[in-house]
Amino acid sequence: SSGLNVFPAGFRDYGNGNSLFANYKSFLWTRSSSGNEGWYLYLGSEFQGVDIWYHEPNYGFSVRCMKD
């Protein structure tokens, strides 16, 4: 166990402002980026673990601050 507790807040679509996947999936920005795209962590109920993807930074993903 990592000790990280995350609420499945989904994300805000930048095109229409709608909230998607609330109560089902979590999307968390990381501090890393690749060109014009930001890396994010994806946590979903269909698998155990964390997936890492990248996307344009205009999506409303969550931010979680962590202390070293």
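Where does F21 lie? In this predicted model, F21 is placed in the loop between β2 (19–20) and β3, and the close-up views described below begin with that loop.

**View 1. Backbone of the loop between β2 and β3, with F21 and N23.**
Two residues of this loop carry a positive phi: F21, although it is not a glycine, has a value of about 65 degrees, and N23, likewise a residue other than glycine, has a phi near 70 degrees. Most residues other than glycine have a negative phi. N23 is found, as F21 is, in the loop between β2 and β3. F21 counts as partly exposed because its relative accessibility is 40%, whereas N23, at 53% relative accessibility, counts as exposed because the cut-off for that class is over 50%.

**View 2. The open sheet formed by β3, β4 and β5.**
Three strands make up an open sheet in the order β3-β4-β5, and the pairing is antiparallel. The strands at the edges are β3 (25–34) and β5 (51–55), each of which pairs on one side only. Averaged over this sheet, and with direction ignored, neighbouring strands are turned by 30 degrees against each other. Strands of a sheet pair through backbone hydrogen bonds, either parallel or antiparallel. Here, β3 and β4 (residues 37–44) run antiparallel and are joined by 7 bridges, while β4 and β5 pair in the antiparallel sense over 5 bridges.

**View 3. The hairpin of β3 and β4, and the residues paired across it.**
The hairpin of β3 and β4 has 2 residues between the strands, and in this hairpin G35 takes a positive phi near 65 degrees. S34 stands opposite E37 in β4, and W29 has Y40 of β4 as its bridge partner. Which residue of β5 does Y42 stand opposite? Across the pairing of β4 with β5, the residue opposite Y42 is D51.

**View 4. The two faces of β4, and the position of E37.**
In a regular strand the side chains alternate between the two faces of the sheet. For β4, the covered face consists of G38, Y40, Y42 and G44, and the uncovered face of E37, W39, L41 and L43. E37, which has its place in strand β4, is partly exposed because its relative accessible area is 25%, a value that falls between the limits of under 20% for buried and over 50% for exposed. The C-alpha atoms of E37 and P57 are 6.0 Å apart in space, although these two residues are 20 residues apart in sequence.

**View 5. S26 in strand β3 and its contact with the backbone of F7.**
S26 is found in strand β3. Is S26 buried or exposed? S26 counts as buried, because its relative accessibility is 5% and the cut-off for buried is under 20%. A polar atom of the S26 side chain lies 3.0 Å from the backbone oxygen of F7.

**View 6. The largest pocket and the residues that line it.**
The largest pocket holds about 180 Å³ of space. Its lining is made up of L4, N5, V6, F7, P8, Y24, K25, S26, L43, G49 and V50, so that F7 and S26, the two residues of the contact in the preceding view, are both among the lining residues. By residue class, the lining of the largest pocket divides into 7 nonpolar, 3 polar and 1 charged.

**View 7. Y59 in the segment after β5.**
Y59 has its place in the segment after β5. Y59 is buried because its relative accessible area is 16%, which is under the 20% cut-off. Y59 and Q48 are 11 residues apart in sequence, and their C-alpha atoms are 24 Å apart in space.

Conventions. Residues numbered from 1 in each chain as written. Predicted model: local features only at pLDDT ≥ 70, side-chain atom pairs only at ≥ 80, totals over all residues. Heavy atoms only, no water. 1 Å grid on protein atoms, 1.4 Å probe; cavity = no way out; pocket = protein on both sides within 12 Å on 5 of 7 lines; lining within 4 Å. Points joined across faces, edges and corners; volume = space filled by probe spheres on them. Nonpolar A, V, L, I, M, F, W, Y, C, P; charged D, E, K, R; others polar. Pairing = 2+ DSSP bridges. Helix = DSSP H or I, 4+ residues; strand = E, 2+ residues; numbered from the N terminus. Axes fitted to C-alpha atoms, helices over the stretch in contact; angles between N-to-C directions. Buried < 20%, exposed > 50% of the residue type's maximum accessible area, 1.4 Å probe, protein only. Polar contact = N/O pair within 3.5 Å; in protein donor to acceptor, adjacent residues only side chain to side chain.
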